[in-house]
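Grab a pencil and work through a few short exercises on how parts of a chain pack together. Try each task before you read the solution.

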Amino acid sequence: MPVFYNGEPITPEERKVAAESWNLILDDKSPVFVDRKGKPDFPYQTCVTYFYDTFYSRLFDIHPTCRHMFKNGLRSQGKFLVKMISLSLSELDDPQQYDRNLIKLAENHYDRGVKSVEYAVVGEVLFYVLRQCLGPNVYMQDVHQVWVKVYSRMLKTIVPTAVDCELKGYRHHSEPELRPHVRASYMFSHAQTLAFFQAASSADESDKDANTELKSEKIRRGEGA
């Protein structure tokens, strides 16, 4: 899993922070966009276009081998990207619908060749582009951490779905000539990923219980809450 993964629940206040920062992009009110719009070296008429163009430019810079996946043009794909982010933010209060949409997204992306490990790259690109589009005065550390939690929540559904698709595809198209140790390594890495997410919820609850016990112990010792 990516090192930035944060499985803590997203609070209502954090949802508001994410929505407000995202709306600056949707409404063309990002300070960076407002400052640069109309200048000779800035060709974008909307902040949304600036966002997704910067997103794919960055993605292809750090992951050039994925360029072949985008055969229908970046404009339509960019609009879809913006729509999915907006949808994800709006449906955080409806976990079932939220998960259904993300499962479908992961399955469709698997059909296009996207692997589970590549979603970590997408996350890093997303954070980079938000910082570029919003600027340092808006995209401060607390806002960044909110977006990390938002994207981590997406990963909690997307990655197990993607891994499951990969395992099914591997079993269906298994190669007899594949060396046993390579096959074992492949299966083990995916099993690790699945195990991580299956344990995530229970681990979060265990951490909360542990913190409660620690606070109680401090109170008993007279160390305060």
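The exercises below look at a helix pair and then at two single residues, all in a predicted model.

**Exercise 1.** Work out how helix 1 and helix 3 are oriented to each other, and which residues make the contact.

*Solution.*
- Start with what you need: two packed helices are described by the angle between their axes and the distance between the axes.
- Here, helix 1 (residues 12-26) packs against helix 3 (residues 47-62) at about 105°, and the axes lie 7 Å apart.
- Angles of 65 to 115 degrees count as roughly perpendicular, so helix 1 and helix 3 are roughly perpendicular to each other.
- Next, list the residues: helix 1 brings W22, I25 and L26, which meet C47, V48 and F51 of helix 3.
- Sort them by class and you get six nonpolar residues, with no polar and no charged ones.

**Exercise 2.** Decide whether I10 is buried or exposed, and find what it touches.

*Solution.*
- Locate I10 to begin with: it sits in the segment before helix 1.
- Its relative accessibility is 11%, and buried means under 20%, so I10 counts as buried.
- Leaving out residues up to four places away in sequence, I10 touches R15, L92, K149, V150 and R153.
- For a long-range check, take W147: it is 137 residues from I10 in sequence, yet their C-alpha atoms are 9.8 Å apart.

**Exercise 3.** Do likewise for H109: is it buried or exposed, and which residues does it contact?

*Solution.*
- H109 belongs to helix 5 (residues 95-111).
- With 16% relative accessibility, H109 counts as buried.
- Beyond its neighbours within four places in sequence, H109 contacts F80, V114 and Y119.

Notes:
Residues numbered from 1 in each chain as written. Predicted model: local features only at pLDDT ≥ 70, side-chain atom pairs only at ≥ 80, totals over all residues. Heavy atoms only, no water. Axes fitted to C-alpha atoms, helices over the stretch in contact; angles between N-to-C directions. Helix = DSSP H or I, 4+ residues; strand = E, 2+ residues; numbered from the N terminus. Parallel < 35°, antiparallel > 145°, perpendicular 65-115°, else oblique. Contact = heavy atoms within 4.5 Å. Nonpolar A, V, L, I, M, F, W, Y, C, P; charged D, E, K, R; others polar. Buried < 20%, exposed > 50% of the residue type's maximum accessible area, 1.4 Å probe, protein only.
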